[in-house]
Amino acid sequence: MIDVATTWQQACTALAGDDYDTAFSVLEGALHEADRPRKARLSLYLASVQALYGDPATTEVGAALRDARTADPAIRSDPLYVALSAELDARLRGPDAAPPPPEVREAADPLARYHALAALSLAGHPQDALDIHLPLAELPAHLRWRLRSWQADAEESLGHTAEARHLYAEAAHHASGLNRAVMLQEGAALELQLGDMNAALSLLGQARPLYTGQNAEEEGLNLATWHYLQAQGLLQTGKPDDALESIREADRLERQHGDPSYGVALVWGQVLTHLGRHDEALAQFTRALTLAGDGDRPFAQHELGVALLDLDRPLEAREHLEAALSDPEYPYRPEVLADLAECDYRLGRLQEAQLAAEQALAQGAVIPASMVLGNVALEYYHLDEALDHFERVVRESAQGTRDWVMGHQMAADVMAQQGFRDPAAAYAHAQQALEFTPESDDWRGTLEDHLRKAETLMGQGGGRTLN
């Protein structure tokens, strides 16, 4: 006589050690010997295990649920059956899926509550998922890190980043091997979004040794993601050459184990832009646009527009920027407005450029809008106004960034045009800019000239002196 509880415990023990072959062998062996009522319950447990494979296993989950109701039609009212059916429906229909009913979310069976939580998360009901009471200790070990992962994802979608960060860390703590690496990478992705590059790179450093190379097929796409995230962290910490090497490896692994992705092409373009290889960057952003899904298209359109601006092709840039702006859900609409203002400025439409830049500034795109406004003010020879805008760029930009350097360059140049009324301030701007301006840059000679003139005037007692 097959004991269902004992069989499930044996399967869970195997799953806790990531031994899926043994878990399936235990369940399938019991299914062959069980009578119909027990077969129905075992089929539900088999569906639960199949569900761990996510979207690729929807056919297998559906088959296991069908076997369960064939063996015992009454199983349809069982909370675990209802929860698994809801999760399957959510995977197939997304937000159109019917959520599991309240009685299933409060079922005595923690496994039913787990799958109800997964169903709600997949269907886009993160708060309802978080409202399910499910203590970690009630679940078998193989589901504990997964529970924290679902909860972290729900918190992140609600904008609760501190809670999500903590939950991803918990998920990584309860996972092992490749699963632990994936959870560390999820945490790193969140840190990248939050702008904490050192924290992201630290988490990625913990994840990398967990890739053993013993199962290249299983590791392949996850390792591609690791390189994709590493490239972003390296780029933002001033290591574009290392970032380029990492994003190339991400692309290679994707092609070897799956398909090229929008995200890798986009980051590749960003790296090439940072390296000044604008034609190559344009090719990558164009590829990203062809790979992008509907939700990603405005991001690709925006990057493509900026790349075309870098190549001084404002008419083409405008087409892509307007496409990005047409999406009311795109989160960087103020920045797009500022880039459209830059297009107008380059096309000589100064009034249109000023209006768009003022709108962008009012909506929060302070740095790019101020840069355009400064350039427009220069065209009208409103030097004091231009200086105010360029100094705002310097104040708001991170040290060493492209905008920060350009702000210092332009501020020094405006002060020179004003006749070095404040030579110490002009000297400071020129000195800061020179530190990050390459020898080959056309600005180099201009800045050195400003520096010498400001230094001479300070030696003659003109203006204030530097401390």
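**Buried side chains and paired rings**

Me: Serine 370 is found in a helix. Which helix is it, and which residues does the helix span?
Reply: Residues count from 1 along each chain as its sequence is written, and side-chain values use heavy atoms, with hydrogens and water left out. The model is predicted, so local features need pLDDT of at least 70 and side-chain atom pairs pLDDT 80 or more, while totals for chains, interfaces and linings use all residues. Helices are DSSP runs (H or I, at least four residues), numbered from the N terminus. Serine 370 belongs to helix 21, residues 366-379.

Me: Is serine 370 buried or exposed?
Reply: Buried means under 20% relative accessible area, exposed over 50%, and partly exposed in between (1.4 Å probe, protein chains only). Serine 370 has a relative accessible area of 1%, so it is buried.

Me: Which backbone oxygen does the side chain of serine 370 reach?
Reply: The distance is 2.6 Å. The partner is the backbone oxygen of valine 366.

Me: How many aromatic pairs are there?
Reply: Rings of Phe, Tyr and Trp (its six-membered ring) pair if their centres lie within 6.5 Å. By this rule the count is seven.

Me: What kind of aromatic pair do tryptophan 8 and tyrosine 45 form?
Reply: A pair of aromatic rings is described by the distance of the centres and the angle of the planes. Planes under 30 degrees apart count as stacked, over 60 as edge-to-face and the rest as tilted. Here the centres are 4.3 Å apart, with 5 degrees between the planes. The pair is stacked.

Me: How many residues apart are tryptophan 8 and tyrosine 45?
Reply: Tryptophan 8 is in helix 1 (residues 4-16), and tyrosine 45 is in helix 3 (residues 36-51). The pair links distant parts of the chain, and the separation in residues is 37.

Me: What is the relative accessible area of tryptophan 8, and what is that of tyrosine 45?
Reply: Tryptophan 8 is buried, at 11%. Tyrosine 45 is buried too, at 12%.

Me: Which residue lies over the face of tyrosine 45?
Reply: A charge sits over a ring if NZ of Lys or CZ of Arg is within 6 Å of the ring centre and within 35 degrees of the ring normal. Here the distance from the ring centre is 5.8 Å. The residue is arginine 41.

Me: Arginine 208 lies over the face of which residue?
Reply: Arginine 208 is 5.5 Å from the ring centre. The ring belongs to tryptophan 226.

Me: Which residues form one aromatic cluster with Phe24?
Reply: The cluster holds Phe24 and two tyrosines. They are Tyr20 and Tyr53.

Key:
Helix = DSSP H or I, 4+ residues; strand = E, 2+ residues; numbered from the N terminus. Polar contact = N/O pair within 3.5 Å; in protein donor to acceptor, adjacent residues only side chain to side chain.
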